[in-house]
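The following exercises are to be worked with the sequence and the coordinates at hand. Each task is followed by a solution in steps.

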Amino acid sequence: MNTNEMTDEQALQNFLLDIDCLDELNQWTEKFNIFDVLKISRTEIRHSNMLAWLFDANENHGIDDRFIKKIAQQIAKNDTQGKYDVFQLLLLDFYSFSVYREWNNIDLLIVSDEEKTAFVIENKVGSNEHSNQLNRYRRICEKAYPEYNKIYLFLTPQGLPPSDADNWTVLTYNDILEALSEIMENTALLPDVSLMINNYIDVVRRDIVDDRQLIEVCNKIYNKHKKALDLIYSNRPDAKSLIRDTIKDTLLQFSDNGKIIYDSNYTLRFYSEEIDKILPNLKKENSVWKTKYPYQYWIFIVDETHIAIIFEFTSVNVPAETLEKMQTFIDILKPNDNRRLDFEYKRLHRINIELKSDDVVSELSEKLSDSIDKLVVWEKKLIKEYTYRTENEQ
């Protein structure tokens with residue numbers, strides 16, 4: 001019986017009977033890697049953070065200026081158009097450079113006032129250049145550092161050509177690997193630093209650039225069990241399910257810490273002890289949302305890359321005394337609202353969260369946690385203003 005004639009059940013059974021075929025992947029899957037533990041192996045901003053640490057000659061990694069110097073050598077070696085003064089580039093005092101992350105949205109800015117030189121790096125791991133980025137970043141740097149020698153580097157896994165090719169130089173993750181591998185072969189480092197850098201080398205080789213051996217093993221396993229693996233893949237949790245689960249886990253964590261009130265029955269909604277004191281629960285679960293709360297914070301999944309936290313009121317089945325208190329909040333948050341009394345629900349505050357990396361779970365958990373922390377601060381200021389207004393009205 002060929003693969004096309006197999007039932008789904010037979011295909012899965014054959015795959016399970018041959019499960020030892022996955023042992024060939026052990027050298028990639030069973031080896032400890034701190035980037036896998038933290039779930040940041042494919043996260044662009046984490047790669048930029050790691051590179052910022054490595055590029056800084058004054059950091060605590062113990063490789064001094066070896067990494068940035070080797071990258072400078074790569075730039076000089078690959079400069080077939082004579083963009084740079086090789087002697088000036090290679091004789092820079094790299095200890096005089098400071099490294100900045102996300103300066104004017106630029107991934108990495110490495111600048112020395114003493115050397116009047118700036119390295120500008122745009123890092124693309126899993127996304128493409130957009131919105132005329134490179135031209136825009138170059139104009140920002142030209143304005144900020146008009147007298148400096150500027151070296152613009154477009155870093156991608158495979159050396160994609162930059163849109164502003166006359167001004168930007170291609171740098172690849174293979175260049176990064178080559179520099180780090182040579183450093184690790186010739187430098188004695190502290191064990192924890194050595195582990196960190198070797199883990200980074202492994203994860204870049206596996207997840208960022210093409211590891212030919214890994215590709216060949218995966219292709220062999222896939223060709224042998226195509227039907228079963230396609231079936232498993234098609235029934236994997238989708239992105240929105242992962243987002244919902246991550247939101248629930250994060251809200252449970254904040255609830256356990258006492259920062260919010262969270263009932264898992266309401267999945268994407270949460271509440272506040274301080275707001276509860278002002279706007280007490282309804283006698284029945286008959287708000288417009290079929291809950292006992294006259295307000296809610298709720299999380300709206302816009303799509304797989306955008307979510308929002310929304311704070312809103314309802315007037316449905318809400319006592320007059322509570323509605324009166326709501327008016328004070330509306331005065332604070334929406335003073336020009338023309339429908340302050342005529343509403344089923346009213347949205348008063350919104351925080352938008354954009355997800356940019358491939359590792360949605362890790363990024364969402366971090367950004368959602370940060371947003372809720374900011375929301376707690378925002379709420380304290382809101383209640384302080386509410387208290388001030390109500391006390392002065394009396």
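**Exercise 1. Overall composition**

How many helices and how many strands does the secondary structure of the protein comprise? Add the share of buried residues and the share of contacts between residues 24 or more positions apart.

*Solution.* The model is a predicted one. Step 1: the secondary structure comes to 15 helices and nine strands. Step 2: of the 394 residues in the protein, 45% are buried. Step 3: among contacts with a separation of 6 or more, 62% are between residues 24 or more positions apart.

**Exercise 2. The mixed sheet**

Determine the strand order of the five-stranded open sheet, its edge strands and the bridges that join its neighbours, beginning with strand 2 and strand 3.

*Solution.* Step 1: the five strands follow the order 1-2-3-4-5, and their pairing is mixed. Step 2: strand 1 (98–103) and strand 5 are the edge strands, each pairing on one side only. Step 3: neighbouring strands of this sheet are turned against each other by 25° on average, direction ignored.

Step 4: strand 2 and strand 3 run antiparallel and are joined by five bridges; here L109 is opposite V120 of strand 3. Step 5: strand 3 and strand 4 run parallel, with seven bridges between them, and E122 is opposite F154 of strand 4. Step 6: strand 4 and strand 5 (residues 168–172) are also parallel, joined by five bridges; L153 has T169 of strand 5 as its bridge partner.

Step 7: in strand 4, seven of the eight residues are buried, so this strand is largely enclosed by the rest of the structure. Step 8: helix 8 lies across strand 3, strand 4 and strand 5, at about 60° to strand 5.

**Exercise 3. The antiparallel sheet**

Which strands stand at the edges of the sheet with the order 6-7-8-9, and which helices pack on this sheet?

*Solution.* Step 1: the sheet is open, has four strands in the order 6-7-8-9, and is paired antiparallel. Step 2: strand 6 (269–270) and strand 9 (345–354) each have a single partner strand, so one side of each lacks a neighbour in the sheet. Step 3: strand 6 pairs with strand 7 (residues 295–303) in the antiparallel sense over two bridges, and F270 is opposite Y297 in strand 7.

Step 4: helix 12 (residues 239–256) lies across strand 6, strand 7 and strand 8 (306–314), running at about 150° to strand 7. Step 5: helix 14 (residues 320–333) also packs on the sheet, where it touches strand 8 and strand 9, and its direction makes about 135° with that of strand 8.

**Exercise 4. The nonpolar cores**

How many residues has the largest nonpolar core, and which elements give two or more residues to this core?

*Solution.* Step 1: the largest core has 43 residues, and L51, L54, F55, F67, F119, I197 and Y200 have the most contacts inside it. Step 2: two or more residues each come from helix 4 (44–55), helix 5 (66–78), strand 2 (106–112), strand 3 (117–123), strand 4 (149–156), helix 8 and helix 9 (191–208). Step 3: leaving aside neighbours within four places in sequence, F67 is in contact with L51, L54, F55, I176, A179, L180 and I183. Step 4: another core, of 42 residues, lies apart from the largest one and includes Y266, M326, I330 and L348.

**Exercise 5. Buried residues and their surroundings**

Which side chain of opposite charge is nearest to D175, and which to D276? Then describe the contacts of V193.

*Solution.* Step 1: D175 is found in helix 8. D175 is buried and has no salt bridge, the nearest side chain of opposite charge being K77 at 7.8 Å. Its contacts beyond four places in sequence are I71, Q74 and N78.

Step 2: D276 is found in helix 13 (residues 273–278). D276 is likewise buried without a salt bridge, and the nearest side chain of opposite charge, K292, is 7.2 Å away. Not counting residues up to four places away in sequence, D276 touches I261, N281, Y293 and Y295.

Step 3: V193 is found in helix 9. The relative accessibility of V193 is 8%, and buried means under 20%, so V193 counts as buried. Beyond four places in sequence, V193 is in contact with W53, N60 and H61. The C-alpha atoms of V193 and H61 are separated by 6.0 Å, although these residues are 132 residues apart along the chain.

Definitions and conventions: Residues are numbered from 1 along each chain as its sequence is written. This is a predicted model: local features need pLDDT of at least 70, side-chain atom pairs count only at pLDDT 80 or more; totals for chains, interfaces and linings use all residues. Side-chain values use heavy atoms; hydrogens and water are left out. Buried means under 20% relative accessible area, exposed over 50%, partly exposed in between (1.4 Å probe, protein chains only). Lys and Arg count as positive and Asp and Glu as negative; His and the chain ends are not counted. A salt bridge is a side-chain nitrogen of Lys or Arg within 4 Å of a carboxyl oxygen of Asp or Glu. Contact means heavy atoms within 4.5 Å. Two strands pair if DSSP finds at least two bridges between them. Axes are lines fitted to C-alpha atoms, for helices over the stretch in contact, and angles run from 0 to 180 degrees between N-to-C directions. A nonpolar core is a set of buried Ala, Val, Leu, Ile, Met, Phe, Trp, Tyr and Cys residues joined through side-chain atoms within 4.5 Å.
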